[in-house]
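Reader: I would like to learn how the terms used for a protein model are justified. May I ask about them one at a time?

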Amino acid sequence: MILYPAIDLKDGHCVRLVRGEMASATVFNTDPAAQARHFAETGFSWLHVVDLDGAFAGKSVNGEAVRAIRHAKIQLGGGIRDRGAIDNWLALGIDRVVLGTAALRDPKLVREAAHDYPGRIIVGIDARDGHVAVEGWAETSDIGAITLARRFADAGVAAIVYTDIGRDGALTGVDAAAIGGFARFAGLPVIASGGVAGIADIAALRRHERDGVAGVICGRALYDGRLDARAALQLVGGAARC
């Protein structure tokens, strides 16, 4: 299982939100590149980067901050909704892009990109009470999270980032059993996001690796010291690479 420290970008700064509310933003570092370097030096091999402003705008807003990050492998999401944006970021050296709103609104785009870029396209499914939320979580659809995941089971995407919005940034702990169940039904590797409060959550998710839980995104718990990064990496076997 791979651990992905989160770098969420708002106004060029590294922030954390609570349940996706922009008004709840806490700035943890005004230099995202330095934060990325710190995570890489700690031993993380991947970074999960999100352009929060871009998620609402529907296009890249914090591109300069993203391009300044040159440490570890990067999977990037937030406002990537057309082929031009996908091509651009992958050409610039971003390792994988996360398509969320596009997965619901333009599944053909996701399938074509996954075909053309094997192993570099991830579907982002953000769920509120079991239903998919899009447009920076501002809108909740009638589509169930598992229903959307199954639509891409044979599309060749690398993984699904599954976010439990109700737990995201709230330090309430993960529902490992529910995430494991989602992964079994999805039939794709799942990267869990939302709610990690400490190393017990990492251990709980690791018990569902056979169900398809392949990774976990860690945010606020890392930033405020509740999760010891080195202990968590040791638990999952070090800075694993995929």
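Reader: Which residue of β7 is the bridge partner of L99?

Author: The bridge partner of L99 in β7 is V123. Please note that this is a predicted model, in which local features need pLDDT of at least 70 and side-chain atom pairs count only at pLDDT 80 or more, while totals for chains, interfaces and linings use all residues. Residues are numbered from 1 along each chain as its sequence is written, and side-chain values use heavy atoms, with hydrogens and water left out.

Reader: How do you know that β6 and β7 pair?

Author: Strands are DSSP runs (E, at least two residues), just as helices are runs of H or I with at least four, and both are numbered from the N terminus. Two strands pair if DSSP finds at least two bridges between them. Strand β6 (residues 96-99) is joined to β7 by three bridges, so the condition is met, and the two run parallel.

Reader: Which strands, with what sense of pairing, are joined to β7 by bridges?

Author: Among them is β10 (residues 159-164), which runs parallel to β7 and is joined to it by six bridges. Strand β8 (residues 131-134) pairs with β7 in the antiparallel sense over three bridges. A127 has D164 as its bridge partner in β10 and V132 as its bridge partner in β8. Between β7 and β8 there are two residues, and the strands form a hairpin. In its turn, D129 has a positive phi of about 55 degrees.

Reader: Why is β7 described as largely enclosed?

Author: A residue is buried under 20% relative accessible area, exposed over 50%, and partly exposed in between (1.4 Å probe, protein chains only). Seven of the eight residues of β7 (residues 121-128) are buried, and therefore the strand is largely enclosed by the rest of the structure.

Reader: What puts the buried residues of α9 on the same side?

Author: In helix α9 (residues 199-206), the buried residues include D201, I202, A204 and L205. They cover an arc of only 165 degrees around the axis, so they lie on the same side of α9. The arc is that of the directions from the helix axis to the C-beta atoms. The elements against which the buried residues of α9 pack include β1 (2-10), β12 (213-218) and α11 (229-235).

Reader: How do you know that C14 is in no disulfide?

Author: A disulfide is a pair of cysteine sulfur atoms within 2.5 Å. The structure holds zero disulfides. For C14, the nearest cysteine sulfur is that of C218, 14 Å away, so C14 is in no disulfide. C14 counts as buried because its relative accessibility is 0%, and C218 likewise counts as buried at 1%.

Reader: What makes the contact of D8 and R16 a salt bridge?

Author: A salt bridge is a side-chain nitrogen of Lys or Arg within 4 Å of a carboxyl oxygen of Asp or Glu. The side chains of D8 and R16 meet at 2.6 Å, N to O, so the pair qualifies. Both D8 and R16 are buried. The structure holds nine salt bridges.

Reader: Why is K108 called exposed, and what is E112 called?

Author: K108 has a relative accessible area of 57%, so it is exposed, whereas E112, at 37%, is partly exposed. Their side chains meet in a salt bridge (3.9 Å, N to O). Both lie in helix α6 (residues 107-116), four residues apart, about one turn of the helix.

Methods. Contact means heavy atoms within 4.5 Å.
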